[in-house]
Amino acid sequence: MSETNAYFVAVIGAGPSGLFGARELANQGARVVVFNRDIKPGGLAEYGVYPNKHKMKDGFRKQFRAALENDNLSYYGNLRVGAEGDLTLDDLRALGFQALLVTVGAQGTKWVGLPGEKFVGSYHAKDLVYHYNKLPPFSQERFRLGKRCAIIGAGNVMLDIAYFMIHEVKAEEIIAVVRRGPGEVNFTKEEMTRTIANLDLDAFESEMKRILPALQAVNQDPEIGRHKVLDALPKAGPKFGDTRFRFEFLTSPVQMIGENGWLAKLEVEDNILVAKDNELKARGTGHKRTLDVEAVIFAIGDKIDDAFGLPTASTGFVTNPSPRFPIDGISYEAFNPDADEPIRDVFVGGWARKASEGLVGYARKDGTNASKAVWQYLQTLQPTVPNLEAVAAKMKSLSRPIITKENIKKLEEVEAAEAQKRGLEEFKFETNEEMLQAMGLNPSASFF
Ligand SMILES: Cc1cc2nc3c(=O)[nH]c(=O)nc-3n(C[C@H](O)[C@H](O)[C@H](O)COP(=O)(O)OP(=O)(O)OC[C@H]3O[C@@H](n4cnc5c(N)ncnc54)[C@H](O)[C@@H]3O)c2cc1C
Ligand SMILES: NC(=O)c1ccc[n+]([C@@H]2O[C@H](COP(=O)([O-])OP(=O)(O)OC[C@H]3O[C@@H](n4cnc5c(N)ncnc54)[C@H](OP(=O)(O)O)[C@@H]3O)[C@@H](O)[C@H]2O)c1
């Protein structure tokens, strides 16, 4: 296939950071192969961004499509790379790849470790987000969300889940359980406009009254928090249904209480704020109470997949503290802390480098910068003759159907035609079997 000399790079993960990183390398003249767990490219831009943000999602898809069209770039979807995956990092080295750019996002689940996390009704936001965005196998999972639900956290993911609970589940009550105060919420005004019409403003004011002494104790003007939460009001979207949305500030989950394996209550503890290391932190007061909820959804960010096979820290894969190729002062180089040395040919970018950090634009920039570090590393090596035939043969030898760029094009055509037929803005197959059938591949093949 390819006879000319080029640098040969594997990019693992086709979310925004991987696709933009791969595009940058391909534009530089490297021969790039992208390996992706999901059939479709896009990562959380496809399977995280809220389904009805059609314009935004279509914009991202267009950019991803353009990146994949680069002739220097191949795509293989529906396979897992990692210590327990279809291909290990050593398998990729054996195929001749000179550098490995790991952009697998943050696929681990960040449980707090509370009693009752296994009850039916206790979920992590990522699983629910993947479910409503139709990512197999999460698309096929059943969730018991009930009428009253607590969402732990105060980021934009909490608001996405609240929007889903209002619009799709049509819950009676949603309680955002926030460990610090309204002054420390992490969500944006823009996102709050989508849900604020369902916010119970009387409940908000009584909550502000309840926590006033705690705010005064750290000399925080309550108006700061009031603004952070309520500034979205003038641009509020329409109220939907009767769902009552309210906040419990300065409140941390302690345990889920259940009956016969089903979640029935959430025990919480009141907090105060304490100033520590130039930050306000939550500290429990010991005062506990219970909330009557049937579901608790943890929207507290994600963590790296510990099983991938690279050393991990709490924020992402461990990076070289003294990078050889820093970009804007940031290290993109994987590091082995036990051996106290860099893993020379492995680089990390996007949410794999820093879990749950920023928007698609951030992932794009981080993936691009990671690829610049890769490019600098490649300059220390001689180009090779990329053996694309060996890679293709390896793909054929795997026990599952491997998806190529051409397959993705076909799938997009079939889904677009289906959307038109059904009069929908968008149509997505929910199972791997249906996607394979649409692409003309064997739908009875096995999946992870
Ligand atoms: C619920 C939610 C909503 C969001 N909404 C918005 C929004 O509205 N607007 C916005 O700008 N940003 C939004 N974001 C943020 C945005 O999605 C992320 O910033 C971005 O997707 C991170 O990109 P990434 O490439 O680093 O990781 P990801 O997008 O997670 O991509 C990782 C890729 O790696 C692949 N992968 C994983 N493990 C393996 C493996 N072992 N082997 C091979 N491949 C693997 C996955 O299949 C995936 O394709 C949202 C995030 C979440 C969680
Ligand atoms: N529409 C959008 O644009 C959109 C939608 C979704 C996500 N995103 C982006 O994706 C990224 C991730 O979002 P995210 O909401 O998952 O993360 P996030 O913004 O970091 O918010 C996480 C929330 O969880 C809380 N939390 C963390 N650990 C906790 C614990 N052990 N107990 C109780 N609470 C805990 C945090 O509180 P503390 O502050 O006290 O730590 C914070 O309120 C963000 O950059 C976000 O903007 C964007």
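How many residues surround ligand 1, and which are the closest? The shell has 34 residues, and the closest are Ser 17, Asn 36, Leu 44, Val 81 and Trp 351. A residue is in the shell if one of its heavy atoms lies within 4 Å of the ligand.

This is a predicted model, in which local features need pLDDT of at least 70, side-chain atom pairs count only at pLDDT 80 or more, and totals for chains, interfaces and linings use all residues. Residues are numbered from 1 along each chain as its sequence is written, chains are lettered from A and ligands numbered from 1 in the order in which they are written, and side-chain values use heavy atoms, with hydrogens and water left out.

**Ligand 1**

Polar contacts (pairs of N or O atoms within 3.5 Å; within protein, one must be able to donate a hydrogen and the other to accept it, and residues adjacent in sequence count only if both atoms are side-chain atoms) come first. The side chain of Asn 36 places an N or O atom 2.8 Å from an oxygen atom of ligand 1. An N or O atom in the side chain of Lys 53 is 3.0 Å from an oxygen atom of ligand 1. Val 81 uses its backbone: a polar atom there is 2.8 Å from a nitrogen atom of ligand 1. On its own, ligand 1 has 1,000 Å² of accessible area, and the protein covers 94% of it. Such areas come from the Shrake-Rupley method with a 1.4 Å probe; for residues, only the protein chains shown count as cover.

Several elements build this shell. At least two residues each come from α1 (16-28), β2 (31-36), α2 (44-47), α6 (156-169) and α10 (360-378). Helices (H or I, at least four residues) and strands (E, at least two) are DSSP runs, numbered from the N terminus.

**Ligand 2**

Around ligand 2 there are 21 residues, and the closest are Lys 53, Arg 179, Arg 180, Glu 191 and Gly 358. A polar side-chain atom of Lys 53 is 2.8 Å from a nitrogen atom of ligand 2. Arg 179 has a side-chain N or O atom 2.8 Å from an oxygen atom of ligand 2. Gly 358 contributes a backbone N or O atom, 2.9 Å from an oxygen atom of ligand 2. The protein covers 79% of the 920 Å² that ligand 2 has accessible on its own. Helix α6 gives the largest share of this shell, 3 residues.

The table splits each shell by class. Ala, Val, Leu, Ile, Met, Phe, Trp, Tyr, Cys and Pro count as nonpolar, Asp, Glu, Lys and Arg as charged, and the others, Gly among them, as polar.

| Shell | Nonpolar | Polar | Charged |
|---|---|---|---|
| Ligand 1 | 18 residues | 11 residues | 5 residues |
| Ligand 2 | 8 residues | 7 residues | 6 residues |

**Strand β4**

Strand β4 (residues 99-102) points Ala 99 and Leu 101 one way and Leu 100 and Val 102 the other, and all are buried. Buried means under 20% relative accessible area, exposed over 50%, partly exposed in between (1.4 Å probe, protein chains only). Strands pair if DSSP finds at least two bridges between them. β4 runs parallel to β1 (residues 8-12), joined by 4 bridges. Here Leu 101 is the bridge partner of Val 11. β4 also pairs with β14 (residues 341-348), in the parallel sense, over 3 bridges. There Leu 100 has Val 346 as its bridge partner.

**Two buried helix residues**

Gly 225 lies in helix α9 (residues 222-230). Gly 225 counts as buried because its relative accessibility is 0%. Leaving out residues up to four places away in sequence, Gly 225 touches Pro 182 and Gly 183, where contact means heavy atoms within 4.5 Å. Glu 184 is 41 residues from Gly 225 in sequence, yet their C-alpha atoms are 7.3 Å apart.

His 167 is in helix α6. With a relative accessible area of 15%, His 167 is buried. Arg 194 and Phe 240 touch His 167, again not counting residues up to four places away in sequence.

**Backbone exceptions**

Most residues other than glycine have a negative phi, and most peptide bonds are trans. Asn 78 has a positive phi of about 75° and is not a glycine. Asn 78 sits in the loop between β3 (73-77) and α4 (89-94) and is buried, at 2% relative accessible area. Asp 340 also has a positive phi, near 55°. Asp 340 lies in the loop between β13 (333-336) and β14. Is Asp 340 buried or exposed? Asp 340 counts as exposed, at 60% relative accessibility.

The peptide bond from Pro 136 to Pro 137 is cis, with omega near 0°. Pro 137 belongs to the loop between α5 (125-132) and β6 (148-152).
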